[in-house]
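Please look at how two helices meet in this structure, and then at the empty spaces enclosed inside it.

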Amino acid sequence: MDYKDKLRISIFQIFILFFTTSCSHIGIYEELGTYFKNIFSEPDDLSFDVVDKVKFASMQMRLGNNQNTLIVLEEDNQGILKWTSSNAIKIYTQKGIITRFMGLDNELGILEIDKSHPILNDSLSKERKINLTSFYTFKNPDLYRLPVKTEFYYHDSDDLDIFGETFKVDIYKEEALDNLIDWKFTNLFWINQDTKRVIKSSQSITPKNPKVHYTVTRKYSKQ
Amino acid sequence: MSCLLCFSSIGFSSIEDYLFSDVGITSNIHGEIGLIDIPSSRLLEEGNLKLHLVNSEPVNSMLIIASPFNWMEVSLRYADINLYKYSPFPTFSGNQTYKDKSFNLKLRLIKESETTPELSIGFRDFIGTGRFSGEYIVSSKRIGDFDFTVGLGWGALASNEGLKNPFYEFDESFINRSGFGSDGSVLGGTLAYNTWFRGKKASSFYGLEYINKRSGIRFKIEHDSSNPFGLYKKSDINWGLTIPASKYLDINLFRIRGTDLGFGISYKANYSEEIIPKNEVVSSLNFSEKDKVLLMEDFRVFTGTMNVLLNNYGLAPQEMSIKDEDLEIIISQSKYRNQYTATKRVLELIKEILVLRNIKNVSLVFQNSNINTNSISLSLPKFIRYLEGNSSIPELRDHVYIDNFYPDPDKELIFKGDIDFPIYSWGISPALKNHVGGPERFYFGQVGLSFHGAIDFDKQSSLSGTVSFNIANNLDDFKLKPYSLLPKVRSNIREYLVEGKNSLSTFEFTRIFKPVYTKRGALISGMKVGYIEEMYGGVGTEIAYKDVRKPWYLAANFYWVKQRDFNQRFTFRDYETFTGHIDFFWDTPIEGLSVNLSGGRYLAKDSGITLNISKRFKTGFLLGAFATRTDISFGEFGEGSFDKGIYFSIPLDIISSRHNPNNAKFSWKNLTKDGGQKLMNTLQIQKFLNDSAYNLDYKSYGLQR
C-alpha cells in the first residue's frame, strides 16, 4: 500500500469517526479498529494448510495492503509463467519479474524488460549498479510502450522464513529514475543465494495500482 | 532524454491519463462547485460526498456537499461570521461571533455537449436565515484545458453597480427582495421563494479555470462584483489555485477582493462505488466416492455438510426442507449487504452437494429475527451455468424469482438449526456526545464509554441495556435554560447532557410476535417496554405489512411514554403522552430513491406529517433529507420555523475487502426544538422487512460481488 492509499484510508477513517459521534454502534468501532490495524501492519500470511492443499506451484500474492491470496501456476510458455487466482486475475512472470497483470481496472499490458536485466540473464552482481530501460504498456487507460529508466543494484542480504523454512537471500533493488510521467517506484527482489531465483518480491506494475507483493509458496519444479 | 521525448510525441496519445492525479472539479468558498467566490455550472458525479473547510476572513465555513443525482448538488454550510457577535448581549453569548447554518442547492438544466455549454440554476442559502441568500443562472464550457464560466446572480450575488433586475420587465414586484421566509417571518428556516430572483439589481459574473496537466494544479481567475457584507474591496478580480494532494484531497489558495488571502481544504470520495473491491474466495469441493455415497444417501450428512460450509461464511441455515427435486433453505445472515450476494455465495459453496442429490430448484428464505422476510427461488442448473461463466446476468434473471415467504406443508423438514438459548452478549464502545453552536460556547462535548449488554431469550425476545460513563466533558459551562412555547420534549437536551454524564441510556425488553404469512405478503408486529431512549421510557407496539413484489409497504407504531429525569436513572418527570405514526414507504421507479410519508402525533402532542426522501446507492451509501410540519405555527416552533434535517450513511465495507453490512451514520438538524419530534430508538419493525427491500433493486450488482 503506497502513501496515497494510506492517506486516503486515514482520511476516510477520520471522516467516519467524525460522523459516527452522532450514532455510536459497537460494530463500527470494531471495524474501524481493524482498519487501523491494517494500516499499521501487513496483512496476515496465508496458513500452511491453505498452501499445502494445492499441489501445484503457487505464490502468495497481495495487491497493496489487501488480504493475501493464493495464485497457482497455470501455464509455462517458454519460460514465461502464467499464474491465476480464484478471482480471475492473471499474472505473467519471467524469472520472477511481473511482465503482465490482467484482471484489474488498470492493467499492465506488457513489460518489455531490458535485455541486460541481471535477473533475466543471470548476471547478478553485488558490486555493480546497472542502468536499465524497460518499456511498459498499460491498459485502461491505454499507454503504449512507456520507456522507464531504472537503476538496479544490490541492497542487502538476509534470512527469509517461508513456512518455517529459512532461506539465505540477497535483496536487490530496482529504482525508477527517469520517465515521462514522473512515475517513482522501487521494486524489491529477494533472491535465493543457492538457486539464484526470486522467491519474494514487491513490484510496481502501473502508476494507478498499489504495489504487488508475492512470496513463492510452492516452487515450480522446472526453475 | 531526447529519444524519450520523441516517443512522447508519436505514440503516447493517452499519456495525460498518467501524468497527474486529477482532483476533478473543485468548490468555491460557498461549497458549490465553482471557482473562488462564484459558482460554475459543474456538479459532482452522483454518489459523491465532500467535506470542505474554508478560511476566508471574515467568513469561515465548514461545508458538507452531496450529489444524490448527476443533476443535483446540495450543500450544508456552517459559517462563522466574524463581523457580528452571536448576540448583542454579552451576558448571553459573551464574545462569541455569529454562527449561521444554511443550505445551498444547484440543479443542472442542460448537459454540456461538444458544441453547447452546460447550464445550471442555483439557490444559495435557500433554507436558512438568508444571510447568504442568492440565486444564479450559470453556464460553463470547457475548451481544451480551459473551463469558462459566465452567469447572472441575484441577492447576495448581485452588487449595487449591477444590472437592473431583468425580471422587473415581466413583473414589477421583482424589484422587492425583503423578508426571510415564505411567510415573511424572521425566524428563518423556510423556503424563501418569495425572494428568489428578486431585488433591484442582478450582476453578471465570469471566470475561467486552467488545468495544468503535468502538475494537476487548477488555476482560477474570476470577476465578481458582489459584496454582500459590504467589505473593503480593492478589486473585483479574485484569483487562486487548487493543488491536488491526492485523488481525494485538494488544497485551495486564493486572493479575494484584492485585499485578503484565503485557504481551503477538501476531502471528497464517491461512495457509490467500492473503493476496495471484495476479495472473498470460495474453494471448489472435491469429494471422494465414499463421501459422495454418504451425501446422496444420508440426509444428516447432506444437511450437516451444507450447514458447516455455510456457517463458515456467516450464513446460518435455520431449516432445510425438501420436496422431490426442490430444496428450501431458511437462512439467517448478517454478513452480506445484498441478498443476491448471499444467494450467490450459498450456491457457490454448496452447488456440488446439491448436484449430487439431484436438486433442480433451490429456494432461499431469508430470516431476520424470527421473521422470514422473503424467498429467492432459482433454477440450479441455470445458476451453475452462470457461475461457470456460460450465461450472463440478464439471462439468469429470467430464472430467479423473488416472492413472499409462504410455508409449504408438503415439504419434508430435513434439518432444523439448534440454537442454545439464552445467548448473552456485551460490548464496549466510545460514547461521544456533541452540542454545537450554543450561545455560551461553540462546542460542548463529552467523551465517555458505553457498555452494552443483551440477553436473547429466544429468536423473538431480548432484554438489552446500555450504561454510559463519563471520561471528560465541558458540559458544566452550560448556563442557559431553554425557552419554548411547547412542552419541552427535546429542548431540555442541555439538562440531560449535564446531569446524565453517567447514565442508564437504555434498558428495554423487546419481543417480536409470530408473523402472519400470506401469499400476498407478511404481517409482522412487535413490542417494546422499558427505558427506550435517553429522554423517554414507556411501552409501545408496532406493526408492518409488506408484499415484496410491490414497491410500497406500510407500518404503524403506537407508544405511551413518560419523560425520564435528567439524570437518566430510574425516575421520571411528570410529562407523559401518547405518540404514534402511520408510515407509508415507497421505493420509487427511480433507482434507489425512496419516499417515506409518516403521519401522526408527535411528542409535544402536536400532529402532522414527516416527509423523508432518501437515495440509496448500490454500495449501501445513503443520502437523505426530512422535514416535518405539524399543527403548530412557525412562531410556536421558534427559530428555524419547522423541524428538518439531512442525513447520510457510509457503508463501512466500502474500503474493506471483507463484507460488512454496517454503516456509519450521520444526521444533522438545524436546531433542537420541541415541535415535530418523534420518539427515538423505537423498534422500527419495518426494518426487519426493509432489509430485503432495497436489495432487490440491485440484482446484477449483488451477483457481481
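In this predicted model, helix α5 (residues 299–311) of chain B and helix α6 (residues 339–356) of chain B have axes that come within 10 Å and cross at roughly 160°, where helices are DSSP runs (H or I, at least four residues) numbered from the N terminus and axes are lines fitted to C-alpha atoms over the stretch in contact, with angles from 0 to 180 degrees between N-to-C directions. α5(B) and α6(B) are therefore roughly antiparallel to each other, a term for angles over 145 degrees. The contact (heavy atoms within 4.5 Å) involves residues of α5(B) including B:Phe302 and B:Met306, and residues of α6(B) including B:Leu349 and B:Ile353. By class, the residues of this contact are 9 nonpolar, 1 polar and no charged, with Ala, Val, Leu, Ile, Met, Phe, Trp, Tyr, Cys and Pro counted as nonpolar, Asp, Glu, Lys and Arg as charged, and the others, Gly among them, as polar.

Turning to the enclosed spaces, the largest cavity has a volume of about 270 Å³; a cavity is a set of points on a 1 Å grid over the protein atoms alone where a 1.4 Å probe fits but cannot get out, and lining residues have an atom within 4 Å of a point, while a volume is the space filled by probe spheres set on the points, which are joined across faces, edges and corners. Its lining has 22 residues, and among those nearest its centre are B:His30 and B:Arg257.

Residues are numbered from 1 along each chain as its sequence is written, and chains are lettered from A in the order in which they are written. Local features need pLDDT of at least 70, side-chain atom pairs count only at pLDDT 80 or more, and totals for linings use all residues, while side-chain values use heavy atoms, without hydrogens and water.

Definitions and conventions
1 Å grid on protein atoms, 1.4 Å probe; cavity = no way out; pocket = protein on both sides within 12 Å on 5 of 7 lines; lining within 4 Å. Helix = DSSP H or I, 4+ residues; strand = E, 2+ residues; numbered from the N terminus. Parallel < 35°, antiparallel > 145°, perpendicular 65-115°, else oblique.
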